[in-house]
Structures are given as structure tokens and as C-alpha cells.
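Hello,

Here is the structure I promised to pass on to you. Please open it beside this email and follow along as you read.

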Amino acid sequence: MKVEKHVFPGSSQDYYRSYLIEDSEELHHGMKRPAVIVCPGGGYVFLSDREDEPVALTFLSMGCQAFSLHYSIGDPAEGGKNKVLPEALKELAKLVAEIKKNADEWMIDRDRIFIIGFSAGAHLCASYSGLWHTDWLSGAAGAKAKELEIAACVLLYPVIDCEVIYEIMEKHGQSWDEERKVVDEMAIAMSGEKHPSKKGVYYPEYDGRAIYYPATYVSEKNPPTFIAHAADDYFIYVENTISFISALSASRVSYETHIFEKGGHGFSLANPVTSNIPAERNKRTAGWVSLLRGWLTSRGILDR
């Protein structure tokens with residue numbers, strides 16, 4: 001395995017790390033492999049180690065070339081002056097284009113590249129899935145839209161709709177003040193606003209889309225999507241997933257969803273490798289990995 005860190009031009013902290021299975025006479029010599037881009041969560045204010053390298057290595061063990069994207073994050077203390085979007089989207093687009101550009105050298109099948117995101121990282125992936133074909137994003141990435149197309153999108157407990165998060169928190173009253181503070185920080189880092197509305201967040205460079213609400217711009221161009229969430233996620237409520245799959249269904253986009261009874265928020269691999277406390281370890285919830293593997297295999301993205 002070859003591991004390298006690649007810093008984005010003009011940045012000292014935003015980078016991606018590649019985990020590449022090197023060509024070998026003993027490992028299907030000359031075979032082009034699928035590739036995955038991992039986008040950790042962290043509320044757009046940090047990047048979770050639990051959703052980073054352990055996830056990349058899990059896919060490496062499935063025969064994928066893996067990439068971990070350390071995208072731009074924000075600082076709520078700055079009052080949203082340096083909001084994350086659209087910079088993080090541009091970075092993801094540049095990485096997809098970079099992988100396709102170097103596909104032969106890195107032994108990658110250009111038609112089998114997929115992305116996976118967790119929480120805020122899933123918001124980034126969901127946003128990319130609906131915007132990859134737009135002129136402004138391909139222009140920002142310095143690539144043709146076709147070079148930004150992906151085979152699938154995988155979302156784990158995704159942030160989809162800030163409005164519904166606030167609405168549900170309001171029902172619980174003051175006991176949810178601590179959670180509200182964290183959501184406020186995420187919203188500010190993401191959008192520059194504490195309570196971004198679906199109204200008033202439209203910009204010409206986004207082709208008129210409400211960029212912070214990826215369910216509002218789902219179309220038939222969204223890639224096939226796999227989503228896993230926990231019903232007892234009382235931070236990023238499961239209504240986020242329900243909102244997104246409703247939009248996918250309306251646009252006839254192929255998808256598979258698994259809502260587990262237990263798991264809370266941020267369960268990652270839900271095993272001892274990524275969980276510091278017993279409550280985060282759940283064998284049934286950890287099953288999302290094998291369910292995803294089966295789904296990816298059925299679509300021809302993973303090798304049988």
C-alpha cells in the first residue's frame with residue numbers, strides 16, 4: 001500500500017490523502033480498481049478521525065483505491081466570514097477530476113468512482129450529487145462536467161435540512177439548548193447564517209439553487225444513492241434522510257435506505273475500532289458496511 005498526502009494549491013491545511021493498492025503480480029496484476037472518496041463529518045468545524053482513515057482502510061480491504069478529503073472547515077467565532085460552502089464543494093469536485101486525470105497511473109476505473117460522507121460530510125456529498133453537472137462547479141474545478149460524474153453516492157446520517165432540525169428542536173424546548181448551540185455553529189460555518197432559510201440563500205453562480213438544502217435540487221442527474229441512519233439520532237434527525245429519499249423518489253433516482261433502530265449520531269463503523277464508548281458499538285448498526293458492500297457489488301461498482 002502506498003499512502004500520500006496531497007495539499008491543494010494555495011492552501012496550507014486543506015488536502016486529501018490517497019491510500020493506493022500497488023500493482024502486484026499476486027494481486028490481479030494490471031487490474032483497474034474502483035475508487036472511493038471519504039468525507040468525514042464534524043459539523044463543518046472539525047473533521048472526525050473516527051470517520052476518516054478507519055473508513056478509508058475498510059474500503060481498501062474491499063479492493064478500492066481510497067481517498068480521504070480534508071475539506072475546508074469554518075470557525076463559528078468568525079461569525080461566518082469564512083463560510084465553508086462553496087469552497088468545500090470545489091475541493092471535492094477538484095479531487096474527482098484529479099482521480100480521473102490520474103486514473104491510469106493509480107490503477108483506477110474511471111467509471112467506478114463513488115463518494116461517501118458522514119453527517120456534515122454527507123451534506124457535502126449530497127450537495128455534490130445534485131450539482132456535479134452545473135457549469136459553475138465544473139468551471140471552478142477546471143474540468144468538463146463529464147469529468148465530475150460519479151457512479152454512486154453514500155450518505156451516513158446526513159445533514160440535509162437545517163430548517164427541520166430547528167423545528168424539531170423547538171418542540172423539545174430549553175432542554176435542547178446544548179444541541180442547538182452545536183447546530184448553530186454548524187450552520188454558521190456552512191452558510192454564514194445561524195438559521196439559514198430556504199428563502200434568501202439563492203445565488204446566480206449556483207444556477208438559482210438553495211445550496212444549503214440538497215433535497216431542493218435533486219434531479220434525474222443525481223447518482224444512485226445509499227443512505228444509512230439511526231432512528232434514535234436525536235441530533236441530526238432521521239427526518240433529514242426521509243426528506244432526501246422523498247426527493248430522490250420524486251426524480252426516479254435509484255436508492256437504498258436503511259434506518260436502524262439504534263445507533264444515535266456519529267456511529268461511523270459502529271465497532272470498537274471507531275467507537276470510544278460501548279454505546280457507540282452496535283453489531284446490527286455495524287451491518288451497514290456489509291449491506292453497502294452488497295449494494296455496490298450489485299451495481300457492478302465493487303468486484304464480485
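In which sense do strand β1 and β2 pair, and over how many bridges? Strand β1 (residues 2-7) runs antiparallel to β2, and the pairing covers six bridges. Before we go further, please keep in mind that this is a predicted model.

**The strands around β2**

To find the pairing of β1 and β2 on your screen, look for V3, which stands opposite Y19 in β2. β2 also pairs with strand β4 (residues 65-70), again in the antiparallel sense, this time over five bridges. A handy place to look there is S18, which has F67 in β4 opposite it. Is β2 mostly covered or mostly open? It is mostly covered, as five of its six residues are buried.

**The nonpolar cores**

F67 turns up again in the largest nonpolar core, which has 70 residues. Along with I37, Y44, L69, L124 and Y128, F67 is among the residues that touch the most other members of this core. Which element gives the most to it? That is α2, with eight residues.

Y44 is a good residue to click on if you want to see how such a core member is surrounded. Leaving aside neighbours within four places in sequence, Y44 is in contact with Y71, I73, G74, V84, L85, A120, H123, L124, M186, A189 and M190. Apart from this core lies another one, of 33 residues, which includes A228, F267, L269 and L292.

**Helix α9 and its cover**

L292 leads us to helix α9 (residues 288-298), where the buried residues are W288, V289, L292, W295, L296 and T297. What covers them? The cover includes the helices α1 (53-60) and α8 (283-286), as well as the strands β5 (108-118), β6 (152-156), β7 (225-230) and β8 (255-260). Just after α9 you will find G300, which takes a positive phi of about 80 degrees.

**L155 in strand β6**

One of the strands in that cover, β6, holds L155. Is L155 buried or exposed? It is buried, because its relative accessible area is 0%, and buried means under 20%. Setting aside neighbours within four places in sequence, L155 is in contact with G117, A122, C125, A126, T225, F226, I227, A228 and F244. Among these contacts is A228, which you met above as a member of the 33-residue core. You can also compare L155 with H229: they are 74 residues apart along the chain, and their C-alpha atoms are separated by 8.5 Å.

**Salt bridges**

Side chains of opposite charge can pair when their charged atoms come close. How many salt bridges does the model have? The count comes to eight.

Start with D104, which forms a salt bridge with K32, their closest N and O atoms being 3.0 Å apart. This pair links distant parts of the chain: D104 sits in the loop between α2 (87-101) and β5, while K32 sits in the loop between β2 (15-20) and β3 (33-39), 72 residues apart. D104 also meets R110 in a salt bridge, at 3.3 Å from N to O. Together, K32, D104 and R110 are linked in a network of salt bridges. Each of the three counts as partly exposed: D104 has a relative accessible area of 46%, K32 is at 32% and R110 is at 34%.

Now look at D303 and R112, whose side chains meet in a salt bridge at 2.9 Å, N to O. D303 lies in the segment after α9 and R112 in strand β5, so the pair ties together parts that are 191 residues apart in sequence. Here D303 is partly exposed at 39% relative accessibility, whereas R112 counts as buried at 10%.

**A last stop at H133**

Where is H133? Look in the loop between α3 (120-131) and α4 (135-141). H133 is buried, with a relative accessible area of 16%. Its side chain reaches the backbone oxygen of G130 at 3.2 Å. Beyond its neighbours within four places in sequence, H133 is in contact with A145, R209, S219 and K221.

Enjoy exploring, and write back with any questions.

Best wishes

Note on methods
Residues are numbered from 1 along each chain as its sequence is written. Side-chain values use heavy atoms; hydrogens and water are left out. Buried means under 20% relative accessible area, exposed over 50%, partly exposed in between (1.4 Å probe, protein chains only). Helices (H or I, at least four residues) and strands (E, at least two) are DSSP runs, numbered from the N terminus. Contact means heavy atoms within 4.5 Å. A salt bridge is a side-chain nitrogen of Lys or Arg within 4 Å of a carboxyl oxygen of Asp or Glu. Two strands pair if DSSP finds at least two bridges between them. A nonpolar core is a set of buried Ala, Val, Leu, Ile, Met, Phe, Trp, Tyr and Cys residues joined through side-chain atoms within 4.5 Å. A polar contact is a pair of N or O atoms within 3.5 Å; within protein, one must be able to donate a hydrogen and the other to accept it, and residues adjacent in sequence count only if both atoms are side-chain atoms.
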